[in-house]
Amino acid sequence: MDKKKLRNDIILIASLLLVATISLVVLFLTRNTKDFIAKIYVENNIVEKVDLSSKEDGDYYIDGLKGKLHIRRHNHAIAVIESNCPHQDCVHMGYVKSAGTPIICAYNAVSIVIDGTSLNDVEI
Ligand SMILES: [Zn+2]
């Protein structure tokens, strides 16, 4: 058994673990940024900013292109509760809290995009 090689392996594994731990901590800290905002767009214009870092529930009524949308904030997530669109895709999305998952209602030209937590933010 080559003791020097074994020691080098241990150092390598230890430093890999250290790097992994630091990455996790950084990820954890950036995930808890205060800028946890859902932006509601109608035809590419921001009509409402919903602060998802707040614990309080909130209801928002947005005038879409062809009708009203009832949007609700609950438990740091956001959902379309009611919409007049024929396919109800936006309603079926349910509650979303991830920056990588926008809610889109094509019928009403409404999109809800969450900002501030993901490295690959979706910009519209
Ligand atoms: Zn819809």
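In this predicted model, strands β4 and β5 make a hairpin with 2 residues between them. Within the turn, Asn75 adopts a positive phi of about 50 degrees. The two arms of the hairpin, β4 (residues 68-74) and β5 (residues 77-83), run antiparallel and are joined by 6 bridges. The register of the pairing can be read from individual residues: Leu69 faces Ser83 in β5, while His70 has Glu82 in β5 opposite to it.

The hairpin belongs to an open sheet of 3 strands, arranged in the order β3-β4-β5 with antiparallel pairing. Which strands stand at the edges of this sheet? These are β3 (58-63) and β5; each has a single partner strand, and therefore one side of each is left without a neighbour in the sheet. On average, and with direction ignored, neighbouring strands of the sheet are turned by 25 degrees against each other.

A second hairpin is found earlier in the chain, where β1 and β2 are again separated by 2 residues. Here Glu43 is the turn residue with a positive phi of about 50 degrees. Strand β1 (residues 37-42) pairs with strand β2 (residues 45-51) in the antiparallel sense, over 6 bridges. Within this pair, Ile40 stands opposite Glu48 in β2.

Attention now turns to the packing of nonpolar residues. The largest nonpolar core comprises 16 residues, and those with the most contacts inside it are Ala38, Ile40, Leu69, Ile71, Val80 and Ile112. At least two residues of this core come from each of β1, β4, β5, β6 (103-105) and β7 (110-115). The strand that gives the most is β7, with 4 residues.

Leu69, one of the core residues with the most contacts there, deserves a closer look. Which residues does Leu69 contact once its neighbours within four places in sequence are left aside? The list consists of Ile62, Gly64, Val80, Glu82, Ser83, Cys105, Asn108 and Val110. Among these contacts is Ser83, the residue that stands opposite Leu69 in β5. Val80 is also in the list, and Val80 is itself named among the core residues with the most contacts.

Finally, a word on confidence, which is useful to keep in mind when reading the model. The mean pLDDT of the protein is 88, with 87% of its residues reaching 70 or more. Over residues 118-124, however, the pLDDT is below 50; this stretch has 12 contacts in the model beyond near neighbours in sequence.

Key. Residues are numbered from 1 along each chain as its sequence is written. This is a predicted model: local features need pLDDT of at least 70, side-chain atom pairs count only at pLDDT 80 or more; totals for chains, interfaces and linings use all residues. Two strands pair if DSSP finds at least two bridges between them. pLDDT is the predictor's confidence in each residue, from 0 to 100. Two residues are in contact if their C-beta atoms, placed from the backbone, lie within 7 Å. Axes are lines fitted to C-alpha atoms, for helices over the stretch in contact, and angles run from 0 to 180 degrees between N-to-C directions. A nonpolar core is a set of buried Ala, Val, Leu, Ile, Met, Phe, Trp, Tyr and Cys residues joined through C-beta atoms within 7 Å. A residue is buried if 20 or more other C-beta atoms lie within 10 Å of its own, exposed if 12 or fewer, and partly exposed in between; C-beta atoms are placed from the backbone.
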